[in-house]
Amino acid sequence: MKFKRTIAALLLVLMALTTSCTLPGIGANTDEDIVVASGSNTERLILGEIVAQMIEHDTDLKVDMIPNLSSSILNHIAMLKGDVNVVGGMYTGTALTGELGMEPIKDPDEAMKVVQDEYYKRWNRLWYPSFGFENTYAFMVTKEFAEEHDVKKVSDLEKLKGDLRVGVDTAWITRKGDGYEAFQDLYGFKFNQIYPMQIGLVYTALATGEMDVVLGYSTDGKIASYDLVLLEDDRKLFPPYDCSPVSTLEIAKKHPEVYEVILKLCGKISTETMQELNRRADEDLVEPSEVAREFLEEHNYFEGTETDKQYRIFDDIVKGEKE
């Protein structure tokens, strides 16, 4: 455990050194302006746009976007260096084993609390409650298969294990902690026919009948396109990857209206909604900024929405009543 923490710390130092030059697009004034970072994949680009456009709509503040930071670590370093003060979407499971250098936590509530506590204690950041979805590995089948074989959860596959053709992400076969070996230990069975594949191909292979079951990402847009059914990971093989916006405490204190705007988005994006937003960008080839605009206009920018008390965990800190 100590060794892993040391390695994580060294990686962060190395990243800080190698990003000492200004990254493309970075250079806005984070003392006064809102600078929202996002990752380079479709989902995080959309989330970054949703957060940025919400802030622009609800406040008079200048908002800049820094898209295409290719990893969670880069988003973290950009915030560490003061180049950004909001990140559109971060994932609990990634943060735990990445910048925090900790072991995976299987319980989603515990994982969320640990990440929120550590982000605040270490870096004075607010890791907001989840948007309402997680993006993790998930086994899936077609709707017809699920109905024909009465399959709702992963353990239901044991009765069919001998005949199933199962397509999985190539990296998952040898992945430690939540890979195929851990699957066999936890679920107590293995598949007779398992095929390593590029993860982008598994959805089509399932939809066209080449595979009976595949392992993919739970918010991929192709799930909505092909009307696939996610199976419940009933024995909790995969750690939670709940997605949340993140901001510095400083910007939340300086501009509490930004804090309120971000809170409006907590709990507003379900797994099914994120699948559809990803589908619009990846399948319909709509720009992430336009996908975000459509989503916000459909919901009238959540005007008049009361933020549920369960999401107001940082109120005392932001209002200065607690340090």
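**Close-up 1. Strands β1 and β2 side by side.** Two strands count as paired if DSSP finds at least two bridges between them. In this predicted model, β1 (residues 34-37) and β2 run parallel, and four bridges join them. One pair to look for is alanine 37 with its bridge partner in β2, isoleucine 66.

**Close-up 2. The five-stranded sheet.** Zooming out a little, we get an open sheet with mixed pairing, its strands in the order β2-β1-β3-β10-β4. The edges belong to β2 (63-66) and β4 (125-127); each has a single partner strand, so one side of each is left without a neighbour in the sheet. From one strand to the next, the twist averages 25°.

**Close-up 3. Helices lying across the sheet.** Helix α2 (residues 42-58) lies across β1, β2, β3 (86-91) and β10 (243-248), and runs at about 140° to β3. Then there's helix α3 (residues 72-80), which lies across β1, β3, β4 and β10 and makes an angle of about 145° with β3.

**Close-up 4. Where α2 meets α13.** Here α2 comes together with helix α13 (residues 288-298): their axes come within 8 Å and cross at roughly 55°. The two are therefore oblique to each other, and the crossing is right-handed. On the α2 side, the contact is made by Leu45, Ile46, Glu49, Ile50, Gln53 and Met54. What α13 brings to the contact is Pro288, Ser289, Val291, Ala292, Arg293, Phe295 and Leu296.

**Close-up 5. Aspartate 178 in its loop.** This residue is found in the loop between β6 (165-169) and α7 (180-187). Aspartate 178 has a relative accessibility of 5%, so it counts as buried, the cut-off being under 20%. Its side chain makes a polar contact with the side chain of arginine 175, at 2.5 Å. Setting aside residues up to four places away in sequence, aspartate 178 touches Trp172, Leu237, Phe238 and Pro239.

**Close-up 6. Threonine 136 and its surroundings.** Now we're in the loop between β4 and β5 (137-142), the place of threonine 136. Threonine 136 counts as buried too, because its relative accessibility is 10%. A polar atom of its side chain lies 3.4 Å from the backbone oxygen of proline 239. Ignoring neighbours within four places in sequence, threonine 136 is in contact with Gly216, Tyr217, Ser218, Phe238, Pro239 and Tyr241. Phe238 and Pro239 should ring a bell: they're also among the residues that aspartate 178 touches.

Technical notes:
Residues numbered from 1 in each chain as written. Predicted model: local features only at pLDDT ≥ 70, side-chain atom pairs only at ≥ 80, totals over all residues. Heavy atoms only, no water. Buried < 20%, exposed > 50% of the residue type's maximum accessible area, 1.4 Å probe, protein only. Polar contact = N/O pair within 3.5 Å; in protein donor to acceptor, adjacent residues only side chain to side chain. Contact = heavy atoms within 4.5 Å. Axes fitted to C-alpha atoms, helices over the stretch in contact; angles between N-to-C directions. Parallel < 35°, antiparallel > 145°, perpendicular 65-115°, else oblique. Left-handed = near helix turned anticlockwise from the far one by under 90°.
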